[in-house]
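Reader: Please walk me through this model, step by step. Keep the answers short.

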There are 2 protein chains.
Amino acid sequence: MDKKKTSKGKKIPKATIIRLPVYLHYLTELAQKGISVVPSHDLAELAGGNGPQLRKDLSYLGEFGTRGVGYNVGRLAHHISKFMGLNKEQSVAIIGVGKLGMALINYKGFAEKGFKICAGFDNNSQMIGKKVDDLVIYDVRDLGKIIKEKDIEICIITVPASEAQSIADKLISCGIKAILNFAPIFLKVPDDVVACQIDLSIELQILSFYRTLLK
Amino acid sequence: MDKKKTSKGKKIPKATIIRLPVYLHYLTELAQKGISVVPSHDLAELAGGNGPQLRKDLSYLGEFGTRGVGYNVGRLAHHISKFMGLNKEQSVAIIGVGKLGMALINYKGFAEKGFKICAGFDNNSQMIGKKVDDLVIYDVRDLGKIIKEKDIEICIITVPASEAQSIADKLISCGIKAILNFAPIFLKVPDDVVACQIDLSIELQILSFYRTLLK
DNA sequence: ATATGTGAAAGCATTCACAGCT
DNA sequence: AGCTGTGAATGCTTTCACATAT
């Protein structure tokens, strides 16, 4: 996958991309508090980074600060949002309405960030046709039809590990290009599809290891 | 935080630490299938990496392979497990039994990897004293007492963002050194505590950005 | 033949220091 | 004076090539 280039033709580090949404989050929070200007050091501290790194990160997008003053909160938020393509609502579906899928359907944070969950899918006939928090649960066999109808761009997989790869394959054949996978397996996807993995047990194992290092 | 050293005194890269649990996962799977030897390339492919990288990763722990043959699945799994301190059961508590907390309590994957969820906590009097899937829900006010009683080493925070930092502070004052946080804020913790952040909206934003790069 | 283990090289990311604005 | 923007330097990580072992 090619990296996005700045206006000056430079590549933007992956590490920077990962931090941008965090900056955006705190900028939105500052704006809600009525704060309109923030220096790099203060914003970086909120986001768990440091001033020089934040400035370097932002420098890839352009020059948005004012020397001697700081960054205009609204203006910077707008630029990050636009750069990342987050300035329009995106439709999301959740495949697998077990406990975790259910929890994600109810999660308020997605809507706040512009992600509209607009379909749930399951293969359990007990679930199909039911509503969870105003959201209709469809049969996985109707994936293709509903994805087209509702213009779904991102899918979240919360099915058991044994079914995850075949669900991913089906999503890809339906034209889905972005998958967030909670099943504990590494999904094989073609180069023109992005898949992101969240494996809760592995996170705990890493955390546990770092804890043992402390003593 | 100091990095763990190999027997030869070299530091182990953080990037390697993150991959080790993935290798371990697939080694366990191979063992269950009755496969007892695996070459670096095959294991790496399952884990989403490549052979040379896997070999370099493992070289930090020692020499566990056989040239011309590959790695003994059981032996390697045992060594990774021991190295990471994952060869004994660890007790985990979940703070905040909303939909997400509930889903995590029910998540089977934790037990498979040796993490025993042995308490839930909430501040909602409706929940306190109830059982969720055989697990008792305690009052957050009893955090200190129960953490000691049940020898809890790792806590998972699934409370709203506004309460997450104060819960973290309380956990730290109870002696907890490892926190997995699902609330969308960056937790401030002292140097002798490790905190790991999973922000679902941010993951979606990163994924969404990479999708826009494809076209 | 085949696959590991590992220096050396190349590729990324972070930190630093300071010039350049306000 | 104060804070941004950025080349240069430092520190990490990945990739490569091949000596080494079965």
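Author: The questions below go through the model, with terms explained as they come up.

Author: This is a predicted model: local features need pLDDT of at least 70, side-chain atom pairs count only at pLDDT 80 or more, and totals for chains, interfaces and linings use all residues. Residues are numbered from 1 along each chain as its sequence is written, chains are lettered from A and ligands numbered from 1 in the order in which they are written, and side-chain values use heavy atoms, without hydrogens and water.

Reader: What relates chain B to chain A?
Author: Superposition is by least squares on the C-alpha atoms of residues with pLDDT of at least 70 in both copies. A rotation of 180 degrees with 0.0 Å of shift along its axis puts chain B on chain A, with an RMSD of 0.0 Å. The two copies are thus related as by a two-fold rotation axis.

Reader: What share of the interface residues of chain B are also interface residues in chain A?
Author: Contact here means heavy atoms within 4.5 Å. The copies meet through the same surface, because the share is 100%.

Reader: How far apart are the centres of domain 1 and domain 2 of chain A?
Author: The bounds come from an automatic or database domain assignment. Domain 1 of chain A covers 14-83 and domain 2 covers 90-202. Taken over C-alpha atoms, their centres are separated by 31 Å.

Reader: Which are the edge strands of the open sheet in chain A?
Author: Strands (E, at least two residues) and helices (H or I, at least four) are DSSP runs, numbered from the N terminus. Two strands pair if DSSP finds at least two bridges between them. The sheet has 7 strands in the order β6-β7-β5-β4-β8-β9-β10 (chain A), with mixed pairing. Pairing on one side only marks the edge strands of chain A, β6 (131-132) and β10 (194-197).

Reader: Which residue is the bridge partner of Ile95(A) in β5(A)?
Author: Strands β4 (residues 90-95) and β5 (residues 115-122) of chain A run parallel and are joined by 6 bridges. In β5(A), Ile95(A) has as its bridge partner Phe121(A).

Reader: At what angle does helix α9 of chain B run to β10(A)?
Author: Axes are lines fitted to C-alpha atoms, for helices over the stretch in contact, and angles run from 0 to 180 degrees between N-to-C directions. Helix α9 (residues 200-214) of chain B lies across β4, β5, β8 (154-157), β9 (178-181) and β10 of chain A. Its angle to β10(A) is about 160 degrees.

Reader: How many residues of strand β5 of chain B are buried?
Author: Buried means under 20% relative accessible area, exposed over 50%, and partly exposed in between (1.4 Å probe, protein chains only). β5(B) is joined to β4 (residues 90-95) of chain B by 6 bridges and to β7 (residues 135-139) of chain B by 3 bridges. Strand β5 of chain B is mostly covered, and the buried count is 7 of its 8 residues.

Reader: Which residues does Ala168(B) contact, leaving aside its neighbours within four places in sequence?
Author: Ala168(B) lies in helix α8 (residues 161-173) of chain B. Ala168(B) counts as buried because its relative accessibility is 0%. Its contacts are Ile157(B), Ile179(B) and Leu187(B).

Reader: What kind of aromatic pair do Phe209(A) and Tyr210(A) form?
Author: Rings of Phe, Tyr and Trp (its six-membered ring) pair if their centres lie within 6.5 Å; planes under 30 degrees apart count as stacked, over 60 as edge-to-face and the rest as tilted. Phe209(A) and Tyr210(A) are 5.5 Å apart centre to centre, with 65 degrees between the planes. That pair is edge-to-face.
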